[in-house]
Amino acid sequence: MKISRRTFFSSQSMTLARAAAAALLVLNTYSATCQHRDWIATWTASPEAADPDPDDALLNLNDQTVRERARVSVGGRQVRIVLSNEYGSAPLMLGRVSVGIARNKAAVVSRSLRGVTFDGKDKISIAAGATATSDPVDLRVESDTELVVSLYIPEPVIGVTWHSLAMKQAAISKHGDHTRDTIVETNKTSDSSVFLKQVLVPSHPRLKVIVAFGDSIVDGDKSTPEEDNGWPHDLFKRLLASGDMHYSVVNEGIAGNRLLKDGPFASLGASGLSRFQRDALDVPGVTDIVLLEGTNDIGFPEAKLHDLLLAPAKDAPTAEDIIRAYRQIIAESHARGIRVIGCTIMPTEGAAIANYHTDTKEHTRQAINDWIRTSRAFDAVIDFDAVMRDPEQPIRLNPRFASDDHLHPNAMGYQKMADAIDLSLLRRGGRSIAADR
């Protein structure tokens with residue numbers, strides 16, 4: 001068959017057109033798939049190992065359902081649940097999982113209750129040391145909404161991954177799968193949470209994720225239970241009230257955490273440096289990290305809590321040790337294009353832990369704070385020390401804002417911390433030092 005030059009080029013054009021159309025279809029499909037996979041964190045809890053305790057019902061679940069709650073920051077039309085078996089020594093078996101809008105610690109708004117699947121299946125086995133992310137769940141969640149996540153644990157767990165200071169009670173059922181029940185008849189409760197690591201919602205291009213990273217003052221110790229009034233969530237509520245819907249604020253604090261050393265027992269968590277990638281850099285969508293950590297590194301050596309030595313004298317860091325850790329965190333963050341906002345360490349004189357504060361430790365704290373304020377190493381600075389110290393005795397917390405242990409803020413103090421943050425430093429990315437208000 002003879003093919004003319006015109007026929008050849010016409011045929012070639014049609015072939016190229018079909019190829020272009022096919023490529024466009026593939027590109028659109030790829031784009032849609034990428035958009036579908038573009039999720040950000042709206043709630044987090046840092047995983048911790050749990051010391052065995054035969055008297056803690058949450059650490060000894062067997063054929064029971066645990067119902068725990070998470071107050072999201074920014075909302076979305078769908079959610080995904082991330083579960084963790086990172087400290088397990090055997091696979092974690094989950095018989096079924098559900099999510100819904102909370103009515104209280106044991107009840108869910110009935111029309112909101114949804115089953116959660118993993119690769120289309122109700123049941124899942126999470127390998128020791130691993131995490132699992134659920135399929136998308138069609139559940140429209142407004143910003144600042146409290147969710148209920150219910151987990152059916154059909155058999156005993158070897159090595160529990162939890163978050164010890166949840167500041168919300170988890171409800172533990174009698175025997176059986178109650179994940180689809182509107183109300184769970186509770187057998188026992190706990191002040192901790194298990195296996196729940198993150199809640200995700202779909203992202204959009206303008207949305208920023210701010211990770212609050214640090215110790216118990218990030219985790220919300222001594223804030224009001226059930227009220228979500230630690231400073232990270234108070235900061236989110238300020239952003240929400242200002243009409244700025246482009247920020248998610250998540251909490252990656254661990255009570256008792258240190259920057260340089262692991263906790264003296266498991267529930268105080270791995271060191272800040274060792275968990276920084278997991279709990280900050282790898283948080284989906286992270287753009288900014290607010291770092292408040294170092295006070296326990298200074299305070300723990302030779303300190304005693306109920307006759308328990310928190311750390312030996314040899315663990316005492318110099319100011320230079322802490323500063324090197326800060327520089328490492330800044331370098332790792334900047335390599336990912338993530339901003340780091342440094343926070344000064346608040347005063348500790350009078351803390352209800354023997355030998356937590358000494359003149360030598362105070363000198364270390366002051367040297368670190370001077371470096372934070374003046375080095376310009378951080379992308380911005382929040383001077384919580386200036387905001388929270390007692391004007392009459394600046395090495396102590398202001399009694400108006402201090403809890404009864406004189407180490408952690410009270411609810412008013414946490415609000416004071418959130419109110420002292422210049423929101424413009426988050427919006428424009430410039431440097432700022434919070435002023436006392």
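At what angle do α6 and helix α7 pack, and how far apart are their axes? I began my notebook with this question, working from a predicted model.

**Entry 1: α6 and α7**

I looked up the pair and found that α6 packs with α7 (residues 359-374) at an angle of about 35°, the axes being 9 Å apart. I noted the crossing of α6 past α7 as right-handed. I then listed the residues that meet: α6 supplies Ala319, Ile322, Ile323, Tyr326, Arg327 and Ile330, while α7 supplies Thr364, Ala367, Ile368, Trp371 and Ile372. Sorted by class, this contact holds nine nonpolar residues, one polar and one charged.

**Entry 2: The chain as a whole**

I next stepped back to the chain, which has 10 helices and 22 strands. Of its 437 residues, 55% are buried. I recorded an accessible surface of about 19200 Å², with 51% of that area belonging to carbon and sulfur atoms. I also looked at contacts between residues at least 6 apart in sequence, and 79% of these join residues at least 24 apart.

**Entry 3: α4 and α6**

I returned to α6 (residues 319-335) and examined helix α4 (residues 272-281) beside it; their axes come within 11 Å and cross at roughly 35°. I noted that α4 also passes α6 in a right-handed crossing. From α4, Leu273, Phe276 and Leu281 take part, and they meet Ala325, Gln328, Ile329, Glu332 and Ser333 of α6. The classes here are five nonpolar, two polar and one charged.

**Entry 4: The surroundings of α4**

Is α4 largely enclosed by the rest of the structure or largely open? I counted seven of the 10 residues of α4 as buried, so this helix is largely enclosed by the rest of the structure. The buried residues are Gly272, Arg275, Phe276, Arg278, Asp279, Ala280 and Leu281. I traced what they pack against: the strands β15 (196-202), β16 (208-214), β17 and β18, together with helix α6.

I then turned to serine 271, which lies in the loop between β17 (247-253) and α4. I recorded serine 271 as buried because its relative accessible area is 6%, under the cut-off of 20%. Beyond its neighbours within four places in sequence, serine 271 is in contact with Asn257, Arg258, Leu259, Leu260, Lys261 and Asp262.

**Entry 5: Threonine 287 in β18**

Strand β18 led me to threonine 287, which lies in this strand. Is threonine 287 buried, partly exposed or exposed? I found a relative accessibility of 24%, so threonine 287 counts as partly exposed. Setting aside neighbours within four places in sequence, I listed its contacts as Lys208, Val209, Ile338 and Arg339. For one of these partners I looked up the separation: threonine 287 and arginine 339 are 52 residues apart in sequence, yet 6.4 Å apart in space from C-alpha to C-alpha.

**Entry 6: Helix α9**

I also consulted helix α9 (residues 411-419), where Gly413, Tyr414, Lys416, Met417 and Ala418 are buried. Which elements do the buried residues of α9 pack against? I identified α2 (216-219), α3 (231-241), β18 (286-292) and α8 (384-388). At the start of α9, a side-chain oxygen of asparagine 410 comes to within 3.1 Å of the backbone nitrogen of methionine 412.

**Entry 7: Two loop residues**

I chose asparagine 85 next, in the loop between β4 (80-84) and β5 (92-94). Asparagine 85 is buried because its relative accessible area is 0%. Which backbone oxygen does the side chain of asparagine 85 reach? I found that of isoleucine 126, at 3.0 Å. Not counting residues up to four places away in sequence, asparagine 85 touches several residues, including Ala90, Pro91, Leu92, Ile126, Gly129, Gly159 and Thr161.

My last residue was proline 136, found in the loop between β9 (131-133) and β10 (146-153). Proline 136 is partly exposed, with a relative accessible area of 27%. I closed with its position relative to glutamine 78: the two are 58 residues apart along the chain, and their C-alpha atoms are separated by 6.2 Å.

Definitions and conventions. Residues are numbered from 1 along each chain as its sequence is written. This is a predicted model: local features need pLDDT of at least 70, side-chain atom pairs count only at pLDDT 80 or more; totals for chains, interfaces and linings use all residues. Side-chain values use heavy atoms; hydrogens and water are left out. Helices (H or I, at least four residues) and strands (E, at least two) are DSSP runs, numbered from the N terminus. Buried means under 20% relative accessible area, exposed over 50%, partly exposed in between (1.4 Å probe, protein chains only). Contact means heavy atoms within 4.5 Å. Accessible areas come from the Shrake-Rupley method with a 1.4 Å probe; for residues, only the protein chains shown count as cover. A polar contact is a pair of N or O atoms within 3.5 Å; within protein, one must be able to donate a hydrogen and the other to accept it, and residues adjacent in sequence count only if both atoms are side-chain atoms. Axes are lines fitted to C-alpha atoms, for helices over the stretch in contact, and angles run from 0 to 180 degrees between N-to-C directions. A crossing is left-handed if the near helix is turned anticlockwise from the far one by less than a right angle, and right-handed if clockwise. Ala, Val, Leu, Ile, Met, Phe, Trp, Tyr, Cys and Pro count as nonpolar, Asp, Glu, Lys and Arg as charged, and the others, Gly among them, as polar.
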